[in-house]
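Work through the exercises below with the coordinates open. Try each task before reading its solution.

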Amino acid sequence: MDRSKSAVQLKGITKRFGSFTANESIDFDLKQGEIHALLGENGAGKSTLMNILFGLYQPDEGEIWINGNKTNIDGASKAIDLKIGMVHQHFKLVQPFTVTENIVLGNEPVKGLSINYKLANERVQEISARYGLKVNPQSRIQDISVGMQQRVEILKTLYRGADIIIFDEPTAVLTVQEIEELLMIIRGLAAEGKSIIIITHKLKEVMALADRVTVIRRGKVIRTVSTKETSEMQLAELMVGRDVTFEAKKLQQEPGDVVLDVKGLQMSGDAGKHLLNGVDFQVRAGEIVGIAGVDGNGQSELIYAITGIRQANGGSVKLNGREMFNHSPREISLAGVGHIPEDRHKHGLVLDFTLSENMVLDTYFKPEYGKGIFMDFEAIDKLTEKLVEEFDVRTSGIHTHARALSGGNQQKAIIARELHKRPDLIIAVQPTRGLDIGAIEYVHKRLIQARNEGKAVLLVSFELDELYALSDRIAVMYEGRLVGEVDAANRDDRQLGLLMAGNKGGGEHG
């Protein structure tokens with residue numbers, strides 16, 4: 001391996017979708033054995049460029065050179081032949097299949113007329129051990145964590161012999177611990193001679209991991225720099241084209257009346273397992289209450305119960321004094337709840353509806369958007385145009401299908417829809433997952449603005465910086481219970497960490 005030689009060269013790459021130019025005359029260079037970050041806002045064109053390299057899109061103009069040879073990558077199979085692998089943001093795994101079945105799918109070792117799963121399992125274990133990717137080959141995908149599923153995707157690329165690996169927003173759905181493990185894995189791959197491209201908008205990870213970073217803004221390369229010669233702030237300014245500040249003014253104010261009052265909330269899962277075990281808490285007008293905890297300790301079930309997505313077994317959920325326990329999602333929404341969900345595809349959008357249709361998913365029946373069975377599409381389009389401009393949702397048009405938007409712009413569309421309803425209670429679950437730094441800044445300011453205006457905000461996040469920046473109080477969930485509470489104004493990561501590990505000595509019960 002010669003680290004001075006290029007593994008990938010993209011020269012003058014242009015890609016258009018109708019009148020929209022996603023990539024404009026882009027030059028990009030990846031050295032052998034390098035970790036190179038591709039940094040940019042949501043919708044900047046990062047994923048489009050890498051989908052061209054992986055053969056999923058064809059460029060309208062430009063050239064692709066792999067290891068010094070000009071080539072035409074007319075499909076993913078050609079990219080795989082060229083030893084290019086891609087770990088997608090939304091995993092391409094068959095849920096009922098085992099780890100091994102997913103990894104060898106389409107490239108199975110055979111013995112006579114049947115698949116040799118013994119040999120397949122041995123190969124998977126060998127690659128897993130070599131690169132420190134600990135997975136059980138016999139586990140079914142539906143039974144393993146998101147972090148483990150990502151390891152399976154990485155193993156798929158390595159099984160196919162990839163020397164050039166593209167990671168598309170690799171940490172977007174991972175917990176803090178999983179992120180640390182992934183960064184170690186990526187460093188190990190580069191040390192083994194793999195050439196790595198990371199599509200991201202997370203500046204800390206870029207600075208901790210990448211050798212060089214190329215910044216793309218609105219489809220154009222702004223600059224390529226060495227991480228040793230730049231800073232997070234400089235990269236942020238290159239990304240968004242202006243100064244970035246996270247100083248949103250949180251007014252000193254006494255919380256008002258109780259808006260959300262949860263008592264004794266119980267929920268059971270399979271085989272009677274307690275997912276929620278007597279949860280009690282309140283959120284008042286004019287405050288942000290954060291929920292911290294390691295993923296899988298009941299945070300999702302808590303939100304499902306409050307919003308009506310899933311039936312609870314017992315307890316009370318009152319909104320402004322009105323009992324809403326096990327009411328329907330529509331009833332809860334109309335009672336004054338805005339919900340920014342954890343899974344934007346499952347609970348936030350209908351991907352095959354247009355952006356305009358998605359903006360009225362839970363309000364289309366209101367008189368301002370139609371009468372009887374007739375919808376006023378002009379009024380709906382007018383609303384959508386207003387929200388797209390206000391929340392900077394990057395789209396080729398309001399009648400574009402939601403699935404055609406980047407993940408970050410899908411998230412911004414949901415946030416725009418929910419905040420526009422001006423609810424009494426805003427439930428924000430991982431609200432900045434997949435967003436770039438400029439959009440994160442905007443969302444944080446909007447949530448604090450809502451709090452300052454007297455709205456109640458319930459925030460669930462795995463990002464400790466986000467919890468401390470936004471919350472007035474932080475409650476910690478562990479094994480379906482709220483085990484304690486910390487003051488967000490006096491940061492104490494050790495105390496919070498103890499509570500997240502189930503040590504109630506870390507703080508007083510809230």
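**Exercise 1.** Find the partner of R130 in a salt bridge, then say which parts of the chain the pair ties together.

*Solution.* Start with the atoms. The partner is E192, and the closest N and O atoms are 3.1 Å apart. This model is predicted, and side-chain atom pairs count only at pLDDT 80 or more. Next, place both residues. R130 sits in helix α4 (residues 117–131), while E192 sits in the loop between α6 (176–191) and β10 (195–200), so the salt bridge ties together parts 62 residues apart in sequence. Now classify exposure. Exposed means over 50% relative accessible area. R130 has 54%, so R130 is exposed. E192 has 40%, so E192 is partly exposed.

**Exercise 2.** Are R451 and its salt-bridge partner D472 buried or exposed, wholly or in part?

*Solution.* Check the pairing: the closest N and O atoms of R451 and D472 are 2.9 Å apart. Then locate the ends. R451 belongs to helix α15 (residues 437–452) and D472 to the loop between α16 (464–470) and β23 (473–478), so this pair joins parts 21 residues apart in sequence. Apply the cut-off: buried means under 20% relative accessible area. R451 is at 3%, so R451 counts as buried. D472 is at 22%, so D472 counts as partly exposed.

**Exercise 3.** Which residues are linked with R212 in a network of salt bridges?

*Solution.* Begin with one pair. The side chains of R212 and D29 form a salt bridge at 3.4 Å, N to O. R212 is in strand β11 (residues 212–217) and D29 in strand β2 (residues 20–31); the two are 183 residues apart, and the pair links distant parts of the chain. Then extend the set: D29, K31 and E34 are linked with R212 in the network. For context, the structure holds 29 salt bridges.

**Exercise 4.** How are the axes of α4 and α5 oriented where they cross, and which residues meet there?

*Solution.* Take the axes. Those of α4 and helix α5 (residues 146–159) come within 10 Å and cross at roughly 105 degrees. Angles of 65 to 115 degrees count as roughly perpendicular. That makes α4 roughly perpendicular to α5. Now list the contact. From α4 come R123, I127, S128 and Y131; from α5 come L155, L158 and Y159. Finally, sort by character: the residues of this contact are 5 nonpolar, 1 polar and 1 charged.

How values were computed:
Residues are numbered from 1 along each chain as its sequence is written. This is a predicted model: local features need pLDDT of at least 70, side-chain atom pairs count only at pLDDT 80 or more; totals for chains, interfaces and linings use all residues. Side-chain values use heavy atoms; hydrogens and water are left out. A salt bridge is a side-chain nitrogen of Lys or Arg within 4 Å of a carboxyl oxygen of Asp or Glu. Helices (H or I, at least four residues) and strands (E, at least two) are DSSP runs, numbered from the N terminus. Buried means under 20% relative accessible area, exposed over 50%, partly exposed in between (1.4 Å probe, protein chains only). Axes are lines fitted to C-alpha atoms, for helices over the stretch in contact, and angles run from 0 to 180 degrees between N-to-C directions. Angles under 35 degrees count as roughly parallel, over 145 as roughly antiparallel, 65 to 115 as roughly perpendicular and the rest as oblique. Contact means heavy atoms within 4.5 Å. Ala, Val, Leu, Ile, Met, Phe, Trp, Tyr, Cys and Pro count as nonpolar, Asp, Glu, Lys and Arg as charged, and the others, Gly among them, as polar.
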